[in-house]
Amino acid sequence: LQELGGMFCNNWAIYSVRGSAFMNIADYDSLPFRRFISKSEMDRTMHMLEGLIKGIAIDDRINAAEIEEIQNWYQLNQHLLRKHPFNEIVRLLDDALVDGVFTEEEKADILWVCSNYSTGSVYYDLITSDIQKLHGILYGIIADNRIDLKEIQELNNWLSDNIHLESIYPYDEVCTLVHKVLKDGIISRDEKDLLTAFFSEF
């Protein structure tokens, strides 16, 4: 019985109350509304990945902790890794991880693929997609459990380029924290702890 139940769960998903037939999982996943859900998920994941890459590459270095975060992303999104453009991004990421240095060319290539896929998304407007990118940037910055002044300066540049997010959480809150740090050009221990605690929420 257990074996039969396993076969049932593996091969069949939905029973139609109008008919008397079961629907195969493969058929279910090919339904039009499943394609919409998949595209929506891919858009959201792409925005987060773009932000994550910007956050990790913001200091032009990749350390062991950041590599681990990228590998975690691989694991969480392995169902998308064979789909375009994720398969192309994975190839570029693997090449960048070899020497532990994110060159400007490598970063530009990866972000070009991300931004060109994300542009014109029918599922997310500009505000939503950019907030998702901000979440990814914050997560990427703390991926190596350290925050330095260059990362905060680059984050401030990104915030300045995306002022259309003003009043949208957590844009204003991040601006306040960043401006406080940059006011004296020094990141104190308390400020690092505060930034880490806040950024880790995303």
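I will go through the fold of this protein, its confidence, and the way its helices pack.

What you have in front of you is a predicted model, so let me begin with how far it can be trusted. The mean pLDDT of the protein is 77, and 77% of its residues reach 70 or more. Confidence is highest in helix α8, residues 149-161, with a mean of 95, and lowest in strand β1, residues 12-15, with a mean of 35. Over residues 1-29 the pLDDT stays under 50, although the model has 25 contacts for that stretch beyond four places in sequence. Residues 33-37 are also below 50, and there the model has five contacts beyond near neighbours in sequence. Where pLDDT is low, the predicted coordinates should not be read in detail.

Now the overall architecture. The protein comes to ten helices and two strands, and from the N terminus on the elements run α-β-β-α-α-α-α-α-α-α-α-α. Of its 202 residues, 40% are buried. Among contacts with a separation of 6 or more, 69% are between residues 24 or more positions apart.

Let me turn to helix α5, residues 86-97. Its twelve residues, at 1.5 Å a residue, should span 16 Å, and the end C-alpha atoms are indeed 16 Å apart. Where on this helix do the buried residues lie? The buried residues are Phe86, Ile89, Val90, Leu92, Leu93, Ala96 and Leu97, and because they cover an arc of only 165 degrees around the axis, they are on the same side of α5.

That brings us to the largest nonpolar core, which has 27 residues, and in which Leu49, Ile89, Leu93, Phe102 and Ile110 touch the most other members. Helices α3, α4, α5 and α6 each supply at least two residues of this core, and the largest share, seven residues, comes from α5. If you would like one residue to look at, take leucine 49, which, leaving aside neighbours within four places in sequence, is in contact with Trp73, Phe86, Ile89 and Cys114.

Apart from this core lies another, of 24 residues, among them Ile141, Ile152, Leu155 and Val178. Val178 also belongs to the buried residues of helix α9, residues 171-184, together with Tyr171, Val174, Cys175, Leu177 and Val181. Which helices do the buried residues of α9 pack against? They pack against α7, α8 and α10. After α9 comes glycine 185, with a positive phi near 70 degrees.

Finally, the surface: the accessible area of the protein is about 11700 Å², and 55% of that belongs to carbon and sulfur atoms.

Conventions: Residues numbered from 1 in each chain as written. Predicted model: local features only at pLDDT ≥ 70, side-chain atom pairs only at ≥ 80, totals over all residues. Heavy atoms only, no water. pLDDT = per-residue confidence, 0-100. Helix = DSSP H or I, 4+ residues; strand = E, 2+ residues; numbered from the N terminus. Contact = heavy atoms within 4.5 Å. Expected span 1.5 Å × (residues − 1). Buried < 20%, exposed > 50% of the residue type's maximum accessible area, 1.4 Å probe, protein only. Arc of directions from axis to C-beta. Core = buried A, V, L, I, M, F, W, Y, C linked by side-chain atoms within 4.5 Å. Areas by Shrake-Rupley, 256 points an atom, 1.4 Å probe, with all protein chains shown as cover.
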